[in-house]
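User: I would like a close look at one part of this protein, with enough of its surroundings to place it. Please start from a single residue and work outwards.

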Amino acid sequence: MLDGCKLKSACSLPFIYNKKINTAGTSNADVPLADPGMYQLDITLRRGQSLAARDRGGTSDPYVKFKIGRKEVFRSKIIHKNLNPVWEEKACILVDHLREPLYIKVFDYDFGLQDDFMGSAFLDLTQLELNRPTDVTLTLKDPHYPDHDLGVILLLVVLTPKEGESRDVELSEKEVVGSYFSVKSFFWRFQTQSLRLSDQHRKSQLWRGIVSITLIEGRDLKAMDSNGLSDPYVKFRLGHQKYKSKIMPKTLNPQWREQFDFHLYEERGGIIDITAWDKDAGKRDDFIGRCQVDLSALSREQTHKLELQLEEGEGHLVLLVTLTASATVSISDLSANPLEDQKEREEILKRYSPLRIFHNLKDVGFLQVKVIRAESLMAADVTGKSDPFCVVELNNDRLLTHTVYKNLNPEWNKVFTFNIKDIHSVLEVTVYDEDRDRSADFLGKVAIPLLSIQNGEQRAYVLKNKQLTGPTKGVIYLEIDVIFNAVKASLRTLIPKEQKYIEEENRLSKQLLLRNFIRMKRCVMVLVNAAYYVNSCFDWDSPPRSLAAFVVVEDMLEDEEDEDDKDDKDSEKKGFINKIYAIQEVCVSVQNILDEVASFGERIKNTFNWTVPFLSWLAIVALCVFTIILYFIPLRYIVLLWGINKFTKKLRSPYAIDNNELLDFLSRVPSDVQVVQYQELKPDPSHSPYKRKKNNLG
């Protein structure tokens, strides 16, 4: 939005020093063009009236989007089956300038399909009075059908200057004399204010704290299925951040034991919206209940156990919530490089030295990423240009560069720093094209494992497609540095891996299903000897063993016959569409199971193939330590201690998350598919515009 703040001409200079901006009760139309102060827009989305029906039942499931300057800044919750929804949701938005209107768009949520458009309107921010709550009624319209009545949206809006950013502008006589005839001085003053505005942009991206949430269990949830049970899962939302728990089949008292983190951007806290749902195959999931957590009421650096009553439903959810201070995350220009400052570099090296092994085990290392430039990007606009910006992601930490407009060879020159929680994480850098009225277009992506990074070396990475299986157009130049504590990194390898909460759900794909089947076949061939052993049971080479196998198989077949009878009765009640959805869901499940089993076999193979040397050395060290322990301590005592630890774990720590250290270790080893995705492609030197310029000069 900074690019939208343009200077008119030097001739308008006399009118600037002559006016003082008074922010109390004035209209924004009086604000001079050269004042780039930051504003805070507080919006309460109250309700909608007489909205359009988009579903067959004569209702809709409306939700609202707010957009300013090509970016979505807020999305409301979904109100199901209601044409007069009541939201009463609040949003706090930072506004660079008031020329860009606030666009309000309403959609009807359709599960598994494209959401239906229900109308739009816009709010002219220059017509709002400062520091005064204003009730606003907006009439929704469809540009293609302007005569249709689509209802209204009611808002409460307050526009206030941001403290410390939007100050009164009053120049003394000396300043007037010094700057009246000096256009250069005027531009310098504007540039200083622009840098301050850029700092505010930077702050709006950086989180001030971390909210660690552990979903423990549900109690006495509402039964939504005909069998008197439910298949519950839980959705969490804090601003734009979302997380969806796993589905617990056929239970009213689910045990999740899932842990995840949200970023806290507001100093005063925020509200976490929590909804519980029942998973239904072939139709829309059933709503079980909702609740909220007000983070401003919780003390920091302390774990809170919360038992939340579900509203609009039945039952409770049990959570553990911890608020902690923010990790070292920053955005700066290339000139302000943290590792080039000798004192700061020594402090970082000291923080991750071998002597500080047991100090904050979650803080494994430090990552610095320089996003320098890109070349020969894909043209996404009809003008033959693109408006590229870059997204840098490390697990769930996500930071953005500014947008370079109408350029296929953009230069960003930005430095990003992250704290590393898992040295086996993968840095993802994605380039998008910014679009005004729709979501950003994908231009290319690279995925770089942290353990494969060579410190301090500027490299050209060929951009890949979304699946990271092949190249797309363009290269991006990055310089990356990683500093970490090897002992902490090894210990963190044996705990559960952090799950990305913005990953897309798996969909049925013929190519993916075939690929997983082939991978599975390769793994099965490794187990041919085991298959021969099973086959010997049917040949009665060993009568006792064959008799035992016969009894087990017979018992399994009897159980399956009973289940088949129940399935036949239930299937008579299902319609044809539900059957198709059920078949599709079964195919997706088979596809995912094949992927998991094949990945498991490939990870074991890649551990012995030294695909990731750090993990292979870690496995060798662990085996050596275990061998030494066995030499001094008998195996029966080790098994006894292991059993005591397992049986008393729940007593010592009732809310501990269950894990298997061996599976956690293998989850860090890449599968064959991931090895291909992380493989670096070699750039073609002839495609570089800088190389072409040199050749032309020659």
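What is the relative accessible area of Phe107, and does Phe107 count as buried or exposed?

Analyst: Phe107 has a relative accessible area of 14% and counts as buried, where buried means under 20% relative accessible area, exposed over 50% and partly exposed in between, for a 1.4 Å probe and with protein chains only. The model is predicted, so local features are given at pLDDT of at least 70 and side-chain atom pairs at pLDDT 80 or more, while totals for chains, interfaces and linings use all residues. Residues are numbered from 1 along each chain as its sequence is written, and side-chain values use heavy atoms, with hydrogens and water left out.

The surroundings of Phe107 begin with an open sheet of 4 strands in the order β3-β2-β5-β6, paired in the antiparallel sense. Strands here are DSSP runs of E with at least two residues, helices are runs of H or I with at least four, and both are numbered from the N terminus; two strands pair if DSSP finds at least two bridges between them. At the edges of this sheet stand β3 (71-75) and β6 (116-123), and because each has a single partner strand, one side of each is left without a neighbour in the sheet. From one strand to the next the twist averages 25°, with axes taken as lines fitted to C-alpha atoms (for helices, over the stretch in contact) and angles running from 0 to 180 degrees between N-to-C directions.

Strand β5 (residues 102-108) is joined to β6 by 7 bridges, and the two run antiparallel. Within this pairing, the bridge partner of Phe107 in β6 is Phe117, a residue that is partly exposed at a relative accessible area of 27%.

The side chains of these partners also belong to the aromatic pairs, of which the structure holds 14. Rings of Phe, Tyr and Trp (its six-membered ring) pair if their centres lie within 6.5 Å, and planes under 30 degrees apart count as stacked, over 60 as edge-to-face and the rest as tilted. One of the pairs is Phe66 with Phe74, whose ring centres are 5.2 Å apart and whose planes meet at 35°, so this pair is tilted. Phe66 is buried at 0% relative accessibility, and Phe74 is buried as well, at 11%. Phe107 and Phe117, in turn, form an edge-to-face pair, with 5.8 Å from centre to centre and 70° between the planes. This pair connects strand β5, which carries Phe107, to strand β6, which carries Phe117, the two residues being 10 apart along the chain. Elsewhere, Phe236, Tyr243, Phe260 and Phe262 form one aromatic cluster.

Another set of paired strands involves β25 (residues 471-484), where 10 of the 14 residues are buried, so the strand is largely enclosed by the rest of the structure. Strand β18 (residues 365-375) pairs with β25 in the antiparallel sense over 10 bridges, and in this pairing Val371 stands opposite Leu478. Strand β24 (residues 457-464) is joined to β25 by 7 bridges, again antiparallel, with Val475 in β25 as the bridge partner of Val462. The hairpin of β24 and β25 has 6 residues between the strands, and there Leu468 takes a positive phi near 60°.

Charged side chains add further links, for the structure holds 19 salt bridges, each being a side-chain nitrogen of Lys or Arg within 4 Å of a carboxyl oxygen of Asp or Glu. Asp422 and Arg668 meet in one of them, at 3.0 Å from N to O. This pair links distant parts of the chain, with Asp422 in the loop between β21 (411-420) and β22 (426-433) and Arg668 in helix α12 (residues 661-668), 246 residues apart. Asp422 is buried at 6% relative accessibility, and Arg668 is buried at 7%. Glu217, Arg219, Lys305 and Glu307 are linked in a network of salt bridges.

For the chain as a whole, the secondary structure comes to 14 helices and 25 strands, and 41% of the 698 residues count as buried.
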